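Me: I have a two-chain complex here and want to go through it piece by piece. Please keep the answers short.

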Amino acid sequence: MKRWLTLAALVALLLPLCAWALSGEEVMQKSQAAFLYPGKDFKARVLMKLISKDGQVRVREMTLLRKNMAGPGGEQKYFMYFFQPADVKDMSFMIYKYPAKNADRWMFIPAINMVKRIAAQDNRSSFVGSDFTYEDVSGRNIEDDSHVIEREEKLGNRDCYVVKSTPKNGDADFGYKLTWVDKVNFLPLKEIQYDKKGAPYKQYSADEISEIKGFPTVIKRTMKNLQTGHSTSVVYLKADYNLGIEDSLFSERFLRQPPRKWID
Amino acid sequence: MRTAQTGARAVALAASLLAAAPAAADLSVSGFLQQNTAVNTAGANPDGRDYKWQEERAQLKLEATGGAWRGYFKGDGYYDNLDRNGGGDVREAYVDYTGSAFDLQVGRQVITWGLGDLVFVNDVFPMDYEALFVGRPLEYLKRGVDAVKLGAYSKLANFELVLEPKFRESRIPDANRFHLYDPMPTVSNRETVKPSQGDVGLRIYRDIAGYDAALYLYRGFQRTPSMRPDSLTAPTKITYFYPQLSTYGASLSGQVGVGVLSLEAAYYDSRQDRSGTDFAVPNSQTRLLVAYQLQPWEDFTLNLQYYEERMQDYGAYLASLPPGFPVEKRWNPTVGLRATQFYRHQTLRVSLYASYDTSNDDRFINPELRYSFTDRVWGAVGVNIFGGKPWGQFGQLVHDDNLYVQVRYEF
C-alpha cells in the first residue's frame, strides 16, 4: 500500500512535467491550429506582392474566405475571388481541403462563364505564381513529415520551439525545414526550408502579428526564395473571424456570382 | 454601320440604366484596349488579302450593384482594317437579382454548358468559330444570347432554366476570308432563313458523392446552318436554314486517381428529320466525351480528350445522299490534348492544343505563347494549323493556316 502511494505521488509530480514536454508533432499540431484553423471562419482581403530579384513588382489581390468544417487538422473550405491583376479580375477559385486525400479545386473563368474542376495533386506547386505553395496557404498534412524539437531559443523577444520537419516520402520539393514556433501563441514566426542537398532554399517570416477577436493573426508575412532572390510579401487587410459564412457560399452558384457582402 | 448604331444605342441604354441605379449602388468600371492581327501562312484569302484579321478594339465593362440587384454591361467598339470598318458589339448586358433560393438574370449573357475543351457535347449555345480560327482571345469563342435565365437552388438539386425568345446563331467563318467547302459553287443566289421562334434549355445539377453531376435538356435549333438547293439537278438558289434540334445529355466529373475525370454524353434528336431521309438536315446523333486532366509537375497541366460523334440512321443517310456529295463516316472518333506549362512565376504561358479525327484525318493544331509584360499589358502569339479532307470541319481550311498576335492593355 505504501509502495502504491509513493508511486502515485511520483506520477503526480511528473505529470505537469510531461504536460509541458510537448513532442515535435504536438508543437506542429498546435501551430497548425493557431495558424490555419482559428475561429469558425475567416475572411481577409489579401494583397500579395511578387518581387523579382531586380525589384520588379507584380500585384495579386484577392478576397480569401475560409470555413472550418471540422476541428484543427480537419476538413476546410476555401473561397478566393480575384481583383488583380486585370486579366484575372472576377475570377474565383474554390478548394475543399481534406486531411488525408487530395483536395477538390474548382475555378470560374468569367471570360467564357465556365466553372471547371482542376487537377490538384501537387500541393507543392506555386500559388498564383508566388513563392508560396498551396500548402503554405492552406497547410501541409502533419503526418507527411516527422517532427523533432531541435532546440528552444529566442527569436527577437519571443521564446520559440525550433522544430525540424523531415518529409517521410521523397515527393516534397524540400529536404527538411526548420520552424520557429512561438511558445505562447504557437504561431510560426520563421521557417527555413532546405533543399535536398541541405542548402537553404526558402525562408518564411511572420512580419506583423495582430490580435483579431482574440486570435493572434499573422497579418504580414514574407516568403523569400534564397536561391533565386525572388520574394513574395502578403498583407491581410480587413482580416476578421466568426462572421457566420454560410456553407452554401462554397458552391458553383456563388463561384459564378460571389455575393458582394463576402468579397468586398 | 447598323451594328455601330446598335452598339451606340446599347451604350446609351446601359449608361441611362446605370445612372438610374440607386445612389447607394456601387459602380465599377474596367476594360481594355487591344490589337489583334492574323496573317496568312498558307496562301491568300479567297478575296486576295493576306490577313485573316487586323483589328483594334476597346472594351468597356460596367458593373453596378445595389442590394440584391446587379447591372452588368460589357461592350466593345472596334475598327476592322480589312473590310468591315468600324462597329460596336454588345458582348453582355443584363440585370440580375439574387434571392436566397433562386436568382434571375435578364438580358444578353454568355452561357457555357458541359466539360469539353473546344468540343461541344451539351454546350448548345452560340459560338463564334471565326474567332477561334483567326486566333482571337478565348472570350470571343462564345456569343451571348438574349435570354432570361432562372436559377433555383435546393438540397435535392439545382436548376438553371434558359429561355431565349429569339434564336441567335453561331458565327461561321466569312467566305471572303476562309476557303469554305461548297458543293455547289456556281449557285450565287443564296438566302438565309432564321427561325422565328426561340429556344429553351434546362440544366439540373448537384453533387453526387464528391462528383459534379448534371443533366441537360435543350429544345431549339442547330446553331450552324444547313443548306438546301431548290433543285439537285439544276440548282438556281440555295437556302440556308437552321434545322430543329432537341438534345438530352448528362455529365459527371470528379477526382479519379491523380487527376480529374470528365464524362459527358448527349443524344441529338434531329426533330426536322427523325427518319434521317432528308440529306439537307443533319442525322440524329450521339456525342460522347471522356477527358482526363492531370498535373504531372509544377505549373504543368495536361488534358487528354476523347470525343466521338455517331450518326443514328446511317443507312437512311447513305440512301438519301445526292451523288457528288462527300460521304461522311458513321462514327467520328477524335482524340485531342491540351498541354499548358507556365514559367516565370506564371507570367509566361506556353500551350498546345491539338485534335485529330481518326475517321477522316481532320486536324487542328494551335500552339501559343502568352506573356504578361506587366500586370496591365499582355501579349500572345500563336499559329492555327488545319488539315484533313477538303470537306472536313478543319480540312476545308487547309489554305487558311495563320499566325496571330494579340496585345492587350487592361485598365
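Me: How many residues does each chain bring to the contact?
Reply: This is a predicted model, in which local features need pLDDT of at least 70, side-chain atom pairs count only at pLDDT 80 or more, and totals for chains, interfaces and linings use all residues. Residues are numbered from 1 along each chain as its sequence is written, and chains are lettered from A and ligands numbered from 1 in the order in which they are written. Two residues are in contact if their C-beta atoms, placed from the backbone, lie within 7 Å. The contact takes 29 residues from chain A and 33 residues from chain B.

Me: Which strand of chain B gives the most to the side that touches chain A?
Reply: Strands here are DSSP runs of E with at least two residues, helices are runs of H or I with at least four, and both are numbered from the N terminus. On the side of chain B that touches chain A, at least two residues each come from β6 (145-153), β13 (244-256), β14 (259-269) and β15 (285-297). The most, 3 residues, come from β15(B).

Me: What is the make-up by class of the side of chain B that touches chain A?
Reply: Ala, Val, Leu, Ile, Met, Phe, Trp, Tyr, Cys and Pro count as nonpolar, Asp, Glu, Lys and Arg as charged, and the others, Gly among them, as polar. By that scheme, the side of chain B that touches chain A has 8 charged, 9 nonpolar and 16 polar residues.

Me: Which residues does D375(B) touch?
Reply: D375(B) sits in the loop between β19 (363-372) and β20 (377-387) of chain B. A residue is buried with 20 or more other C-beta atoms within 10 Å of its own, exposed with 12 or fewer, and partly exposed in between, with C-beta atoms placed from the backbone. D375(B) has 19 C-beta neighbours inside 10 Å, so it counts as partly exposed. Leaving out residues up to four places away in sequence, D375(B) touches R58(A), V59(A), Q84(A), P85(A) and A86(A).

Me: How far apart in space are D375(B) and A316(B)?
Reply: In sequence, D375(B) and A316(B) are 59 residues apart. In space, C-alpha to C-alpha, the distance between them is 57 Å.

Me: What radius of gyration does chain A have?
Reply: Chain A holds 5 helices and 13 strands. Its C-alpha atoms fill a box of roughly 80 × 45 × 35 Å along the principal axes. The radius of gyration is taken over C-alpha atoms, and the globule rule is 2.2 Å times the number of residues to the power 0.38. For 264 residues a compact globule would have a value near 18 Å, and chain A agrees with that at 20 Å.

Me: What share of the residues in chain B is buried?
Reply: Chain B has 3 helices and 21 strands. Its C-alpha atoms fill a box of roughly 65 × 55 × 50 Å along the principal axes. With 411 residues, a compact globule would have a radius of gyration near 22 Å, and chain B agrees at 22 Å. Of those 411 residues, the buried share is 31%.

Me: Which residue stands opposite R45(A) in β13(A)?
Reply: Two strands pair if DSSP finds at least two bridges between them. In chain A, β1 (residues 41-51) and β13 (residues 231-241) pair in the antiparallel sense over 9 bridges. Opposite R45(A) in β13(A) stands L237(A).

Me: Which residue in the turn between β12(A) and β13(A) has a positive phi?
Reply: β12 (residues 215-225) of chain A pairs antiparallel with β13(A) over 5 bridges. M223(A) has T232(A) as its bridge partner. The two strands form a hairpin with 5 residues between them, and the residue with a positive phi, about 85 degrees, is G229(A).

Me: Why is one side of β8 and β11 of chain B left without a neighbour in the sheet?
Reply: The open sheet has 3 strands, in the order β8-β12-β11 (chain B), with mixed pairing. β11(B) runs antiparallel to β12 (residues 238-241) of chain B, joined by 4 bridges. β8 (190-193) and β11 (226-229) of chain B stand at the edges, so each has a single partner strand.

Me: What ipTM does the predictor give the complex?
Reply: pLDDT is the predictor's confidence in each residue, from 0 to 100. Chain B averages 93, and 94% of its residues score at least 70. For the complex, the pTM is 0.91 and the ipTM is 0.90.
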